[in-house]
Amino acid sequence: MARGGLARLLATLILFLLLAAGPSLAESEADLARGASEAAPDAQQHLLPRPLVIELPSARAGAELDADADADAVVTVDVRCASWRLAAEANNLAPWAAVPPECAPHVRDYVTGSAYRSDLDLVARESAAYARAAAPAGAADGRDAWVFDVDETLLSNLPYYAEHGYGAELFDHHKFDEWVERGEAAAIPSSLKLYNEVRGLGFKTFLLTGRSEAHRGVTVENLNKQGFHDWEKLILRAAGDREKTATVYKSEKRDEMEQEGYRILGNSGDQWSDLLGSSMSARSFKLPNPMYYIP
């Protein structure tokens, strides 16, 4: 056979073999595809879930901010002051002497509106729920105690602060003492209800206030007139306590309670200095107060 004829014969045989094997190759590829598809659910079970990405809303809806733009320029005063109030309540601010002037209207609207009352009510409800769970049961020894601050915890001085910028003015001890001597502070309703429930559950109640000993008489009269009775002890600042911070003074008084054998299971106050320090209670409850800060 000539070389040309042999070459044509080989080419024909190769083409024939490829055509014959075509369906088998296609079936193999299909099998591989099916296998991959069936294995996909099992493989997906081992994949980590996709992260949830949440984009925060821009300070100015629908607008792009320049990289160098001042964020405060596009946030309202009320929003900035709400952030300031939250930071104050969370004890995230450096010690402060007065409410920022631009935030006085925000604080006024808060403490005179429904939000403040709602926040007070919520704190009281959570306090009462804890008190019921922690209440002494059976033959209690009478040593389970609950500590209450007085101002902005049991009694409200809102009329005084309404006359002094809702905290925007620097605190004046003499003017506040004059207000205290009037004995006109009203009970915070949710706190009065909590106080009576705590007492009914068998807790010994201690009233620990930053008021001076000189105001004992008018303070007792004011508390009684507003429905607070039968506390175990009312503790006021003595002359030797005047230079102490509230945190130190109140810690020392709680230390004395524990030394007398009391177990402080609850503590209610509007200042972090009412709650922090030594001999802290098993559970503390912070009432809202954006009008002043006491270290």
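**Figure 1. N267 and S284 are bridge partners in a predicted model.** N267 finds its partner, S284, in β7. The two strands concerned are β6, residues 263–269, and β7. They run parallel and are joined by 4 bridges. β7 covers residues 283–286 and is an edge strand, so named because it pairs on one side only.

**Figure 2. Five strands build an open, parallel sheet.** The order across the sheet is β5-β4-β1-β6-β7. Its edges are β5, residues 233–237, and β7, residues 283–286. Each edge strand pairs on one side only. From one strand to the next, the twist averages 20°. Strands of a sheet pair through backbone hydrogen bonds, either parallel or antiparallel. Here the pairing is parallel.

**Figure 3. Strand β1 is mostly covered.** β1 spans residues 144–148, and 5 of its 5 residues are buried. In a regular strand the side chains alternate between the two faces of the sheet. D144, W146 and F148 point one way from β1. A145 and V147 point the other way. All of these residues are buried.

**Figure 4. β1 pairs with β6 and with β4.** With β6, β1 pairs in the parallel sense over 5 bridges. A145 stands opposite I264 in β6. With β4, the pairing is again parallel, over 4 bridges. V147 stands opposite F206 in β4.

**Figure 5. β4 meets β5 at the sheet edge.** Strand β4 covers residues 204–212. It runs parallel to β5 and is joined to it by 4 bridges. F206 has K233 as its bridge partner in β5. 4 of the 5 residues of β5 are buried, so β5 is largely enclosed by the rest of the structure. β5 is nonetheless an edge strand, with pairing on one side only.

**Figure 6. Helices α4 and α7 lie roughly parallel.** Two packed helices are described by the angle between their axes and the distance between the axes. α4 covers residues 114–134 and α7 covers residues 189–200. Their axes come within 9 Å and cross at roughly 5°. That angle makes α4 roughly parallel to α7. On the α4 side, the residues that meet α7 are L120, D121, A124, S127, A128, A131 and R132. On the α7 side they are S190, L194, E197 and V198.

**Figure 7. L276 sits in the loop between α10 and β7.** Helix α10 covers residues 272–275. L276 has 31% relative accessibility and counts as partly exposed. Leaving aside residues up to four places away in sequence, L276 touches N91, T247, S251 and R254. Its C-alpha atom lies 9.7 Å from that of A246. L276 and A246 are 30 residues apart along the chain.

**Figure 8. N91 and S279 both carry a positive phi.** Most residues other than glycine have a negative phi, and most peptide bonds are trans. N91 has a phi near 65° and is not a glycine. N91 lies in the loop between α2, residues 77–89, and α3, residues 104–111. At 32% relative accessibility, N91 counts as partly exposed. N91 is also one of the residues touched by L276. S279 has a phi of about 50°, and it is not a glycine either. S279 is placed in the loop between α10 and β7. At 15% relative accessibility, S279 counts as buried.

**Figure 9. Two stretches of the chain score below 50 in pLDDT.** The protein chain averages a pLDDT of 85, and 75% of the residues score at least 70. Over residues 19–30 the pLDDT is below 50. This stretch has 0 contacts in the model beyond near neighbours in sequence. Over residues 32–46 the pLDDT also stays under 50. Here the model has 0 contacts beyond four places in sequence. Where pLDDT is low, the predicted coordinates should not be read in detail.

**Figure 10. The protein chain as a whole has 10 helices and 7 strands.** Of its 295 residues, 36% are buried. The accessible surface comes to about 17,500 Å². Carbon and sulfur atoms account for 57% of that surface. Among contacts between residues at least 6 apart in sequence, 69% join residues at least 24 apart.

Conventions: Residues are numbered from 1 along each chain as its sequence is written. This is a predicted model: local features need pLDDT of at least 70, side-chain atom pairs count only at pLDDT 80 or more; totals for chains, interfaces and linings use all residues. Side-chain values use heavy atoms; hydrogens and water are left out. pLDDT is the predictor's confidence in each residue, from 0 to 100. Contact means heavy atoms within 4.5 Å. Axes are lines fitted to C-alpha atoms, for helices over the stretch in contact, and angles run from 0 to 180 degrees between N-to-C directions. Buried means under 20% relative accessible area, exposed over 50%, partly exposed in between (1.4 Å probe, protein chains only). Accessible areas come from the Shrake-Rupley method with a 1.4 Å probe; for residues, only the protein chains shown count as cover. Angles under 35 degrees count as roughly parallel, over 145 as roughly antiparallel, 65 to 115 as roughly perpendicular and the rest as oblique.
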